[in-house]
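I open a fresh page for this entry. The plan is to look things up one by one and write down what I find.

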Amino acid sequence: MFNATLEKTSDTGKIWQEFWKLGEARTNAPGIRARVMLMKPEALNCRQFLVETGSGHNFMVDDAAGGTGPKPIELVAAALAGCTAFDVITILRSKKRKLVTGYEVQVEAEQAERPPQVFVAVRIHHIVRGHDIDAAAVSEAIRISEETYCSVEAMLKHSAVVRTTFEVINEPNA
């Protein structure tokens, strides 16, 4: 659990107190939690962290020098791919009743040159395989994801230009 008690004399403490007050107004609202813990505190050059998600999953993040896990910014690109993929596959299979036999989402992002190196351009490419899948259904599913459901893309649109493309590969009936 996160510790909300802060030193009242510092400016940082005052900022965090105000932050926690905002959360008190929505005590019943669902939230996302995560924490990271330094893996080897005794190793001065090590920046490897164990990540624990609120849903109980664990993995490591690292920097390019350590190379034992993804960089945190890579997880943002992966989160975008996963977020839109969940939406699109659900729409295609449930609402559009399409027989999707394979699906892949590729994300490429360009970062600003100076810190904070936010994404400034993002390309999302969907590849949908299946039987009798029309481009209009895929286009509509992607549009709904972008405009309504994908929270990761909604956040990224504040700093980046997002461009989406797709391809449909219709396979013969087996």
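In which strand is Phe-119 found? I looked it up: Phe-119 is in strand E5, which covers residues 119-131. I keep in mind that this is a predicted model.

**Entry: Phe-119**

Next I asked for its exposure. Is Phe-119 buried or exposed? The relative accessibility of Phe-119 is 5%, so Phe-119 counts as buried, the cut-off being under 20%.

I then listed contacts, skipping neighbours within four places in sequence. Phe-119 is in contact with Ile-73, Val-76 and Ala-77. Phe-119 also touches Ala-109, Glu-110 and Gln-111. Leu-156, Ser-159 and Ala-160 complete the list for Phe-119.

I checked one C-alpha pair as well. Phe-119 and His-158 are 39 residues apart along the chain, and their C-alpha atoms are separated by 9.6 Å.

**Entry: whole chain**

I stepped back to the protein. I found 4 helices and 6 strands. From the N terminus, I read the order of elements as α-β-β-β-α-β-β-α-α-β. The protein has 174 residues, and 26% of them are buried. I also looked at contacts with a separation of 6 or more: residues 24 or more positions apart account for 50% of these.

**Entry: the E1-E2-E3 sheet**

How are the 3 strands of the open sheet ordered? I noted the order E1-E2-E3, with antiparallel pairing. The edge strands are E1 (34-38) and E3 (58-61), each pairing on one side only. The twist averages 30° from one strand to the next.

I looked at one pairing in detail. E1 and E2 (residues 49-53) pair in the antiparallel sense over 5 bridges. Met-37 stands opposite Leu-50 in E2. As a reminder to myself, strands of a sheet pair through backbone hydrogen bonds.

**Entry: second largest pocket**

I turned to the second largest pocket. Its space is about 360 Å³. I counted 14 lining residues, and the closest to the centre are Ile-32, Arg-33, Ala-34, Thr-53 and Phe-59.

Which elements give two or more residues to the lining of this pocket? I found E1, E2, E3 and helix H2 (72-95). E1 provides the largest share of the lining, 3 residues. By class, I logged 8 nonpolar, 4 polar and 2 charged residues in the lining.

I close with a cross-reference: the sheet strands E1, E2 and E3 reappear in the lining of the second largest pocket.

Definitions and conventions: Residues are numbered from 1 along each chain as its sequence is written. This is a predicted model: local features need pLDDT of at least 70, side-chain atom pairs count only at pLDDT 80 or more; totals for chains, interfaces and linings use all residues. Side-chain values use heavy atoms; hydrogens and water are left out. Two strands pair if DSSP finds at least two bridges between them. Axes are lines fitted to C-alpha atoms, for helices over the stretch in contact, and angles run from 0 to 180 degrees between N-to-C directions. Buried means under 20% relative accessible area, exposed over 50%, partly exposed in between (1.4 Å probe, protein chains only). Contact means heavy atoms within 4.5 Å. On a 1 Å grid over the protein atoms alone, a cavity is a set of points where a 1.4 Å probe fits but cannot get out, and a pocket is an open set with protein on both sides within 12 Å along at least five of seven lines; lining residues have an atom within 4 Å of a point. Grid points are joined across faces, edges and corners, and a volume is the space filled by probe spheres set on the points. Ala, Val, Leu, Ile, Met, Phe, Trp, Tyr, Cys and Pro count as nonpolar, Asp, Glu, Lys and Arg as charged, and the others, Gly among them, as polar.
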